[in-house]
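Colleague: I am new to this structure. Could we go through some of the terms used for it?

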Amino acid sequence: MHLDFSPEDLAFQREVRAFIAENYPETLRGKQDEGDELTKEDFLSWHRVLARKGWVAPAWPVEYGGTGWTATQKYIWSEETASADCIRLMPFGLSMVGPVIYTFGTPEQKARFLPGILSGGDWWCQGYSEPGSGSDLASLRTKAVLEGDEYVVNGQKTWTTMAQHADWGFFLVRTNPDAKQQEGISFLLIDMKSPGITVRPIITLGGEHEVNEVWLEDVRVPVNQRIFEENKGWTCAKFLLAHERTGIAGVAASKRGIEKVKTIARAEMDGDKPLIANPFFRRKIAELEMDLTALEYTELRSLAGESAGKGPGPESSLLKIKGSEIQQRLTELSLEAVGHYGAPYFRGFGEGDNEHPIGPDYAHRAAPTYFNTRKTTIYGGSNEIQRNIIAKMVLGL
Ligand SMILES: Cc1cc2nc3c(=O)[nH]c(=O)nc-3n(C[C@H](O)[C@H](O)[C@H](O)COP(=O)(O)OP(=O)(O)OC[C@H]3O[C@@H](n4cnc5c(N)ncnc54)[C@H](O)[C@@H]3O)c2cc1C
């Protein structure tokens, strides 16, 4: 593994930096730093800039709109966008259903759905989990019955992220209740404006509306919106989960997060000295930084393997476990650093709140972000499930 960038990579890095400096939307600058909640329009404004440049889907094959970048260039891209604090694009179209459609879809399905994913014209959500079917996803019960050339879908999905904005959803449904669990599932694309769909908000600990329940009552879905064969949806589902896990380590974003914690610790006083001078606090930051560096090298090793033609293996589970734990520890340190200034914001600022913010600006999002980040060890396959994968695939237990 060579750790130095080649002259071509360094030139690419300069090009990326210049592009971000000139094109990152003015309205978004500093928004993440200040911890403002991001709107649909925020996500779309950066998405559209990248779509125009042809950089919105670096992971896709060039023939479908990808960039053709090497693994190192993709790494540089994620480093540069994180260090410039660019917002992350919504993954549901670009990283999840897009790859499923170009891999398993018919030419008509590719022509119909890929352009909207690339342009940002269609906002997607993921209808996998159900009450009672999360880790044990194959037990899902939402059923679809074929009537003529339409499926009639009934059931309930849950934890559906950003479904309140979605134009389309990709859903796992049971089409054969008599087959073995994994063998009776199909993968449907459903127009979220279809009659019979109800989206109900779930408000999270941090006071945010990010996840939803989605109810489906006699929703009619044309059969040409099924991807791949009937009852073979599990193949698409597994393929998609592998894509969901890549990039989940979030190394570049955590590096920036550590710098933010240091900034807070320099500004906050611990007695007559800045908090950063407190040896116990310094030690926590140093431990986190060491773990993050170790994670970064594991990710680089994985990237080197990818460049050599090896697909993502069970090490993606390791990246998920360590990456998500580091993200959580970062938010714990931020909350500790802001101390009592964090307390008034345990529920975040609600719509219509007219109270004056208390304490420095950086304190306002510490508590909601701390609560929100509890999710990282649950979604994308919980960390316990990732440990099971490592036990089986790596340790042979
Ligand atoms: C913020 C957030 C956003 C989400 N967004 C989406 C979305 O957009 N679309 C979607 O479909 N889903 C989404 N999910 C759902 C997510 O995929 C599930 O929450 C996750 O798979 C866990 O399932 P569960 O919540 O049913 O927990 P369960 O599967 O019931 O697990 C409960 C606990 O038991 C442990 N456990 C379960 N089985 C085992 C086992 N075999 N061995 C050891 N431990 C085990 C788990 O690790 C967990 O700690 C989201 C979840 C969150 C928190």
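**Ligand shell and strand pairing**

Modeller: The ligand lies between domain 2 (123-231) and domain 3 (248-394), because both give residues to the shell around it. Keep in mind that this is a predicted model.

Colleague: Which residues of the shell are the closest to the ligand?

Modeller: The shell has 17 residues, and the closest are S129, S135, T161, S382 and E384.

Colleague: What makes the approach of S135 to the ligand a polar contact?

Modeller: The cut-off is a pair of N or O atoms within 3.5 Å. A polar side-chain atom of S135 lies 2.6 Å from an oxygen atom of the ligand, so the pair meets the cut-off. E384 also places a polar side-chain atom 2.7 Å from a ligand oxygen, while S129 uses a backbone N or O atom, again at 2.7 Å from an oxygen of the ligand. Of the 980 Å² of accessible area that the ligand has on its own, the protein covers 64%.

Colleague: Which helix gives the largest share of the shell?

Modeller: Helix α11 (residues 383-393) does, with three residues. By type, the shell holds seven nonpolar, eight polar and two charged residues.

Colleague: Why are strands β4 and β5 called paired?

Modeller: Pairing needs at least two bridges. Seven bridges join β4 (residues 168-174) to β5, so they count as paired, and they run antiparallel. One of the bridges links V173 to S186 in β5.

Colleague: How do you know that β8 pairs with β5 as well?

Modeller: Strand β8 (residues 226-227) has two bridges to β5, in the antiparallel sense, so the minimum of two is met. F187 has I227 of β8 as its bridge partner.

Conventions:
Residues numbered from 1 in each chain as written. Predicted model: local features only at pLDDT ≥ 70, side-chain atom pairs only at ≥ 80, totals over all residues. Heavy atoms only, no water. Near = heavy atom within 4 Å. Polar contact = N/O pair within 3.5 Å; in protein donor to acceptor, adjacent residues only side chain to side chain. Areas by Shrake-Rupley, 256 points an atom, 1.4 Å probe, with all protein chains shown as cover. Helix = DSSP H or I, 4+ residues; strand = E, 2+ residues; numbered from the N terminus. Nonpolar A, V, L, I, M, F, W, Y, C, P; charged D, E, K, R; others polar. Domains from an automatic or database assignment.
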